[in-house]
Amino acid sequence: MTTSSVYAQRRAQLVQHLGAKGIALIPTAPEQQRNRDCDFPYRPDSYFYYLCGFTEPHAWLVITGDGRSTLFCQPKDPQREIWDGYRLGPEAAPAQLGLDAAFSVADLDAKLPVLLDGCDAVWTPFAIHKGLETRLEGWLSSLRARVRYGALCPQTQRDLCGVLDEMRLVKDPHEQAILRSAGKISAAAHIRAMQCCAHMLRTGQEVREYHLEAEMLHEFRRHGAQFPAYGSIVAAGANACVLHYRADRGRVQNGELVLIDAACELDGYASDITRTLPANGQFTGPQRTLYELVLAAQTAAVAATRPGARFTDPHDAAVSVLAQGMLDVGLLDKNKVGSLQDVIAQRAYFPFYMHRTGHWMGMDVHDCGDYTEPSELGQVSQRQDALTGDTIKDRPARILRPGMVLTIEPGIYVRPAYGVPEAFHNIGIRIEDDAIVTPTGCELITRDVPVAVDEIEALMRG
């Protein structure tokens, strides 16, 4: 199957939701200025890219209920291409992208009222593209001005995100192949950072967090990945207890742990890996105790990730293991917090584990898709949150199905506090892998970088 046919199949699937007289308008992302004459590296809008695979800015995709797809893009311009690079152009776009027609984006305002004429519903991605509503109103106003001459103006506007979110939630074989490749590249980068860290410390070199980030970024680009999937987290020592810490100038000290949450984006798809490593290649006793607790929690979460399970099941499995471990090692005083069931019910584990165990992953690192089961939205219960006292509305969590992709990332973060054993102070640990739900369980696509203590230590000795 060609790449263009993959996008054609997606557009055909979308058409089934539009209705015979529906029309979908999908702009790509705008270019973003960084400062003065410099722009941020360009990345197309995920919804737009999902439907056509086109990566140039200043483009719109129009899909009508009769199945026709039209691209509006920048025209060929030899002078601008000298400065800004090659443009595909509307003449070549239909054949290369498998579309029905293409026009210059300069013709958008003239042609959109014509395409809208006779449609009964306009589908757009709501609340994503600033100014889209204003432009649409302009096209509709132009059409309304012609109703006395027989023009028919759409009466309904509908959100395209819900339909596309459901489509994107289950990854097709083309997407899964890219995700596996992204996972392999990211895993290789983690291995490189682990080995570099230990080698530099053994040879007496100063190690900074940015040194390890640089190794990661080099490995991403060396294998063809276009971007980091998100801002890389390289957190040494106590910095690992800051969940969204960014790689900075912090010094990596002998005997500390380093938490690295970093991965690449390849051909529009993200990877997401976290590993926690001993800077010098050897875990201390307290570090190993907490690390193996987190690893046991991840193992339980992986086992709970299978078709028919709920999205919340991996989190619940991880929390149960972590909470019991916190009681066992003395992070929680059972005389104060009670039994395992009490710890879970009261969320007494929250000071040491304050995030969920996973999220959807795909084109966006925190990918789209509802976390509640669409067929069970009417089933609502209420409860009072044990920590905040807020009233929470619970709906049944999404049922996992083959082709869904999610992260599995339990952690533990110990800040110095009264009653917390000093041996565990300033230890932050997270272990994260990407999982594709399969017919029988799940496939971890990022395990080319090890997670077991002995394997990490052996790798870092190399």
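Let's start at a turn: Gly-389 takes a positive phi near 80° in the hairpin of E15 and E16, which has six residues between its strands. Keep in mind that this is a predicted model. From that hairpin, the tour goes on to a three-stranded sheet and then to helix H8, which lies across two of the sheet's strands, E12 and E13.

**The hairpin**
- Strands E15 (residues 381-384) and E16 (residues 391-394) pair up antiparallel, with four bridges between them.
- Look for Gln-382 in the hairpin: its bridge partner in E16 is Lys-393.

**The three-stranded sheet**
- This sheet is open, its strands come in the order E9-E12-E13, and the pairing is antiparallel.
- E9 (227-228) and E13 (269-270) are the edge strands, each with a single partner strand, so one side of each has no neighbour in the sheet.
- E12 (residues 264-266) runs antiparallel to E13, and two bridges join them.
- Leu-266 sits opposite Tyr-269 in E13.

**Helix H8 and its neighbours**
- H8 runs at about 145° to E12 as it lies across E12 and E13.
- H8 (residues 173-202) also meets helix H14 (residues 453-461): their axes come within 8 Å and cross at roughly 60°.
- That angle makes H8 oblique to H14.
- The crossing of these two helices, H8 and H14, is right-handed.
- On the H8 side, the contact is made by Ile-191, Met-194, Gln-195, Ala-198 and Arg-202, while H14 brings Ile-456, Leu-459, Met-460 and Arg-461.
- Sorted by class, the contact of H8 with H14 has six nonpolar residues, one polar and two charged.

Technical notes:
Residues numbered from 1 in each chain as written. Predicted model: local features only at pLDDT ≥ 70, side-chain atom pairs only at ≥ 80, totals over all residues. Heavy atoms only, no water. Axes fitted to C-alpha atoms, helices over the stretch in contact; angles between N-to-C directions. Parallel < 35°, antiparallel > 145°, perpendicular 65-115°, else oblique. Left-handed = near helix turned anticlockwise from the far one by under 90°. Contact = heavy atoms within 4.5 Å. Nonpolar A, V, L, I, M, F, W, Y, C, P; charged D, E, K, R; others polar. Pairing = 2+ DSSP bridges.
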